[in-house]
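Me: I have some questions about how the terms for this structure are justified. Please set each value against its definition.

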Amino acid sequence: MQIVTYPHYTLRYKSQPLKRVDAALRKLVAEMFDLMYEANGIGLAGNQVDLPLRLFVVNVAAEPGKGEELVFINPVLSHPKGNEEGEEGCLSLPGLSGSVVRAKQIHVQAYNLKGEEFNANLDGLFARVVQHENDHLDGVLFTDRMTTTGKLTIRESLEEFELEQQNLRDLGQLESDEAIAQRLDEWVQKYC
Ligand code: ZN
């Protein structure tokens, strides 16, 4: 498992709700936490590890053994309140950051790995990371939510990422979008 970077096909995929959780999936989730900590992140979504499934992991402490490890399966966000501007980055856009307006407070309903439903009213950093990760499940990146002026300042960086992917593809080191789509389809048939 590895974190895929912009403009990887799976980052634009609208992930599908999970219908079952098995030992293999629990192992994948544990690997997601490991990858997230390695990259010093506080959240990581299925799409970012090439999985087309509606789940993401969060630990706002960014360190194993600290803070709380949370798994959100089939999350539903509702009741946004207020607006707050804040700086965001993304493990799929390494080195890039930008200002994004998010709801200040948000309600989340989701399931954990045991299949138990949980509900929470979030604010602060927690609210921001959950909105950021939930966007990933819909194929949305934080850069999509930046202002027009903000987007201009990162355009060159995005183009560099795009060139890099094209180079890998030209060298035959990256599979085709069709091949990725087929693989995602197999995941969906297994778990959704
Ligand atoms: Zn992200």
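Reply: What follows takes the whole chain, then the zinc site, then single residues.

Reply: This is a predicted model, in which local features need pLDDT of at least 70 and side-chain atom pairs count only at pLDDT 80 or more, while totals for chains, interfaces and linings use all residues. Residues are numbered from 1 along each chain as its sequence is written, and side-chain values use heavy atoms, with hydrogens and water left out.

Me: How many helices and strands does the chain have, and how are they defined?
Reply: The chain has four helices and five strands. Helices are DSSP runs of H or I with at least four residues, strands are runs of E with at least two, and both are numbered from the N terminus. Read from the N terminus, the order is α-β-β-β-β-β-α-α-α.

Me: What makes the chain as compact as a globular protein of its length?
Reply: The radius of gyration is 16 Å and the globule rule gives 16 Å for 192 residues, so the chain is as compact as a globular protein of that length. The radius is taken over C-alpha atoms, and the rule is 2.2 Å times the number of residues to the power 0.38. Along the principal axes, the C-alpha atoms fill a box of roughly 45 × 40 × 30 Å.

Me: What share of the contacts joins residues at least 24 apart?
Reply: Contact means heavy atoms within 4.5 Å. Of the contacts between residues at least 6 apart in sequence, 65% join residues at least 24 apart.

Me: How much of the chain is buried, and what area does the chain expose?
Reply: Buried residues are 43% of the 192. Buried means under 20% relative accessible area, exposed means over 50%, and partly exposed lies in between, with a 1.4 Å probe and protein chains only. The chain exposes about 10,100 Å², of which carbon and sulfur atoms supply 49%. These areas come from the Shrake-Rupley method with a 1.4 Å probe; for residues, only the protein chains shown count as cover.

Me: Why are Cys90, His132 and His136 called donors of the zinc ion?
Reply: Donors are N, O and S atoms within 2.8 Å of the metal (3.2 Å for Na, K and Ca). Cys90 SG, His132 NE2 and His136 NE2 lie 2.0 to 2.2 Å from the zinc ion, so they meet that limit. Water is not among the atoms, so sites may look incomplete. Along the chain the donors follow the spacing C-x41-H-x3-H.

Me: What separates His132 and His136 in helix α2, and are they buried or exposed?
Reply: His132 and His136 are four residues apart in helix α2 (residues 124–137), so about one helical turn separates them. His132 has 7% relative accessibility and therefore counts as buried. His136 has a relative accessible area of 1%, so it is buried as well.

Me: What is notable about the backbone at Pro7, Asp50 and Asn74?
Reply: Most residues other than glycine have a negative phi, and most peptide bonds are trans. The bond joining Tyr6 and Pro7 is cis, with omega about 0°. Asp50, not a glycine, has a positive phi of about 70°, and Asn74 has a positive phi near 45°. Asp50 is in the loop between β1 (43–45) and β2 (55–58), whereas Asn74 is in strand β3 (residues 70–89).

Me: Why are Asp50 and Asn74 called buried?
Reply: The relative accessible area of Asp50 is 12%, so Asp50 is buried. Asn74, at 17% relative accessibility, therefore also counts as buried.

Me: Why is Pro7 called partly exposed, and what does Pro7 contact?
Reply: Pro7 has a relative accessible area of 24%, so it is partly exposed. Pro7 is in the segment before α1 (23–38). Apart from neighbours within four places in sequence, Pro7 contacts Phe161, Glu162 and Gln165.

Me: Where is Asn47, and is Asn47 buried or exposed?
Reply: Asn47 is in the loop between β1 and β2. Its relative accessibility is 0%, so Asn47 counts as buried. Not counting residues up to four places away in sequence, the residues that Asn47 touches include Val4, Tyr13 and the zinc donor His136.
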